[in-house]
Amino acid sequence: MKSSEIREKYLAFFEARGNKRLPSSSLIPDDPSLLLTSAGMVQFKPYFLQQKQLEAPYVGTTTAQKCVRTTDIDVIGTDGRHLSFFEMLGNFAFGAYFKQEMCAWAYEFSTEVLGFDPERLYYTVYLDDDETVDIWKSLGVPESHITRLGEADNFWTAGPTGPCGPCSELYYDQGSEVGCGRADCAPGCDCDRFLEYWNLVFTQYDRQEDGTLLPLPKKNIDTGMGLERAATLLQGVTSNFESDILRGMIAVGERLSGVQYGTDEKTDLSLRIVADHARAVTFMIADGILPSNEGRGYVLRRLLRRAVRHGQLLGIDPPFLGSYVAAIVDEMGGPYPELLENRSLIERIVHAEEERFNQTLRQGQSYLDQELAGLKGGAVLSGKTAFELHDRYGFPVELTVEIASEQGIEVDHAGFERHMTAQRERARAHVKDEAWSTYGGVFSELLSEQGASRFVGYTQHEATTQVVALLVDGKRVQTVGEGQKAQVVLEQTPFYAEMGGQLGDTGSLLSEHDQGNSEFVVEDTKVFAGGVYAHLGFVRGNHAPGVLCVGDSVHASIDSQRRARIERNHTATHLLHHALQQVLGEHVKQAGSLVAPDRLRFDFTHFEAVSAQQLAEVEQLVNTLVMEDSSVTAHETSLDEARASGVTALFGEKYGERVRVLEAGPASRELCGGTHVTHTAQIGFLKITAETSVGANLRRIEAVTSLDALAYVNRIEAELRATATTLKASIFDVADKTVATLAHTRGLEDALKQSRKAAASDDLDALLGGALDAGYPLVVARIDGCDVQGIRDAWDGLRQKLLAGEAAGRGAAVVLGSITPAGSPLLLAAGTAEAVAAGFDAGALIKAISPAIKGGGGGKPALAQAGGKDAGGLDTALEQARAHFA
């Protein structure tokens, strides 16, 4: 049975039993404490916490969730179980069904749909979970196939406190020939005989701080079946990497490298690593993660570079990951349409990152060469250096060992492992794979009690509403007084909360309980816990000290002029996105934005600087669309319908089942929950102010619109007119006049240099007349106005003149002093090879005379110099030099 069949059979089975089929959520979780989505239940936390309710007639949900886990990245490929990317099949219930139904369905699906032999199925349960034991037995499972395990194996917790409950795991017996051979071998043994393929979690308790387990109001179901593991069992293979999808990825590596899988464990390891990592990289980029040096981007970059390195070990010349991307998209693009939508972008990003990594490898090789150059044969390269090469440059330790051994140098393996262990511990401490890592919180409580805030601001700028909660320093209070900072939660609100790059609204809440005296000044609006709008600001009284209480009726009104400016900029970003795709290509995807009242910022995927001509084309196209005065409309639809109709889903953005489509004329159709103008002409016009790089494969455009664009252009014009006045030219001739003026200035500077050079030549001729005879001509002289380069140029001129005359064959030397343009003293001594051979030592001479200028310096016998603090001692220093040769 192919993986695609298993996936569909699972989803269809639970859909037929009243569970709503939903798409996989993004690998970027909504929970900010999680780095990556690592379990199917992550998107359902609000339902488990009763913050959201599943609509009738559904009894639960079912998904095939894409997951990434990388806490043990170095283990991936060394066995047949660990993967960085995997699919988790799951079904979830929030009180509608529990153990009896779940166990029955699990047994039915395993034996009748997947066709597993019941005699080869084994089950683990929590030690005292007699209820689940009885259920399994009622389904025909013999007691000998049920194993009771402790809390570490069969009791799931969200943390020290919070939701928890027993779980039951389903195992498949692969046979004694793959086991440890012990008579007591059973599920839970570390050997490979009993392979766990499904975990059923019965979340039924709420653990208190004292350890007490209180029953939850509603008992939940949270299950997870690894698709790759199920495919391994059903396809009769012994490793995830031999199941159909991953084996297909390995085949790509075989084709590119000419290496056959299964012939050598070393090459097999590399083929497995590239196959696994390439799939993870493809899905991560499709969900909006880009390579960087921190967070999710670092995980992506590390996986990609590890894949590239193992490809090179197989003899595959980069760039090659594009071949894997194509295979993955072809195989998995059906159930995961984001792969098809972002195919071109994924291919271009991996190509650019491969090229960047090759440069990094060359830098790493240079770093290693420098470190080895300081060691002798028989020495040991430190573990820290080996770790730096591994962590910063992507050098596998095996490569470092190989290169070092060629020079007879060993590598401190123990030290390397210490650093690796420390890094893993830091990663585990930082990267939380626990899906329930942020349980509870005041806004979660409000969401459970009040539901999501009702936003009426698409059509209203004002609304009469009620205060449902007040928060001060994160804690709920009943009253806030004059001048007190607080957060206000309203029953309904016209205030847009900061989302999607659009800043939150400002305005006021005017209390109606004291004749409008008390006003809450809203300085910002933000959304928490996925739906609670918090209005941030302070209380002030218009006639007497102000006060605001929970339950008060207030008149909420936004700053409409500020909102209008924001809306112009927001709609402009949509037109800008369209224009960039038209001018630069379809690989351009929005990767972030800021929509403020006075400016907009738009980040997008692109691989080189945008030329001035391209920027001009983009700006022209945007303003053409603005002047067409097209209607801007919005409507709600399902995500599937929006995608089917070709609406642009923003790169890396996460969407629910229902989405809002924003159409800005016929050109731009995007999913967007923000506020916008009603006609494009209301934007006025757009002016691009800057285009810069903000990271690998990421560019940023900054722009202004409407009156802010006019102010920007007026400022430029004012500067241009001032410059034109100075140049005595019209504003349209400024460029030509500037070029001509600069050319004239350069001509004058060149003439001045020639004049100075001629004068300097005459000065040098004068200096030659005073040369001493030290067995070779020696000039000791003061030539003020020279900096370091100038005094060296003087030596070059003197040397040429001296060697062209009587000094030919005898050499020459100088001791020169100067007061620099900055007023500090400078000494230089220099001699030819012949003078040095005759006893001239510039370094010793400078060391001897530089104290006279309260300085220090030195150098070699042929050249030395010194700077000092006492310009008055320069002549003394030169006299000391003359005396030295008297």
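This briefing covers the nonpolar cores, one short helix and one sheet with its packed helices. The model is predicted, and its largest nonpolar core has 114 residues, while a second, separate core has 26 residues. The sheet is open and has four strands, and the short helix, helix 24, spans residues 842-849.

**Nonpolar cores**

- Within the largest nonpolar core, which has 114 residues, those with the most contacts inside it are Met102, Trp136, Tyr197, Trp198, Met225, Met284 and Leu321.
- Helix 8, spanning residues 265-286, supplies the largest share of this core, with ten residues.
- A second core of 26 residues is separate from it and includes Leu575, Leu615, Val618 and Leu662.
- In soluble globular proteins, nonpolar side chains tend to be buried together.
- Once neighbours within four places in sequence are left aside, the contacts of Trp136 are Cys103, Ala106, Tyr107, Tyr123, Val125, Val141, Ile146, Ser168, Leu170 and Leu200.

**Helix 24 and its two sides**

- In helix 24 (residues 842-849), the buried residues are Ala842, Gly843, Leu845, Ile846 and Ile849.
- These residues lie on the same side of helix 24, because the arc they cover around the axis is only 165 degrees.
- Lys847 and Ala848, on the other side of helix 24, are exposed.
- The elements against which the buried residues of helix 24 pack are strand 32 (813-819), strand 33 (825-831), strand 34 (856-860), strand 35 (863-867) and helix 25 (874-884).
- At the N-terminal end of helix 24, Asp841 acts as a cap, with a side-chain oxygen 3.2 Å from the backbone nitrogen of Gly843.

**The four-stranded sheet**

- The strands of this open sheet follow the order 23-24-29-28, and their pairing is antiparallel.
- Strand 23 (590-595) and strand 28 (686-695) each have a single partner strand and stand at the edges, so one side of each is left without a neighbour in the sheet.
- On average, and with direction ignored, neighbouring strands of this sheet are turned by 15 degrees against each other.
- Strand 24 (residues 600-605) pairs with strand 29 (residues 698-705) in the antiparallel sense over six bridges, and the bridge partner of Thr605 in strand 29 is Leu698.

**Helices packed on the sheet**

- Helix 17 (residues 560-584) packs on the sheet and touches strand 23, strand 24, strand 28 and strand 29, its direction making about 30 degrees with that of strand 24.
- Helix 18 (residues 612-627) lies across strand 28 and strand 29, and runs at about 130 degrees to strand 28.

Conventions. Residues numbered from 1 in each chain as written. Predicted model: local features only at pLDDT ≥ 70, side-chain atom pairs only at ≥ 80, totals over all residues. Heavy atoms only, no water. Core = buried A, V, L, I, M, F, W, Y, C linked by side-chain atoms within 4.5 Å. Buried < 20%, exposed > 50% of the residue type's maximum accessible area, 1.4 Å probe, protein only. Helix = DSSP H or I, 4+ residues; strand = E, 2+ residues; numbered from the N terminus. Contact = heavy atoms within 4.5 Å. Arc of directions from axis to C-beta. Polar contact = N/O pair within 3.5 Å; in protein donor to acceptor, adjacent residues only side chain to side chain. Pairing = 2+ DSSP bridges. Axes fitted to C-alpha atoms, helices over the stretch in contact; angles between N-to-C directions.
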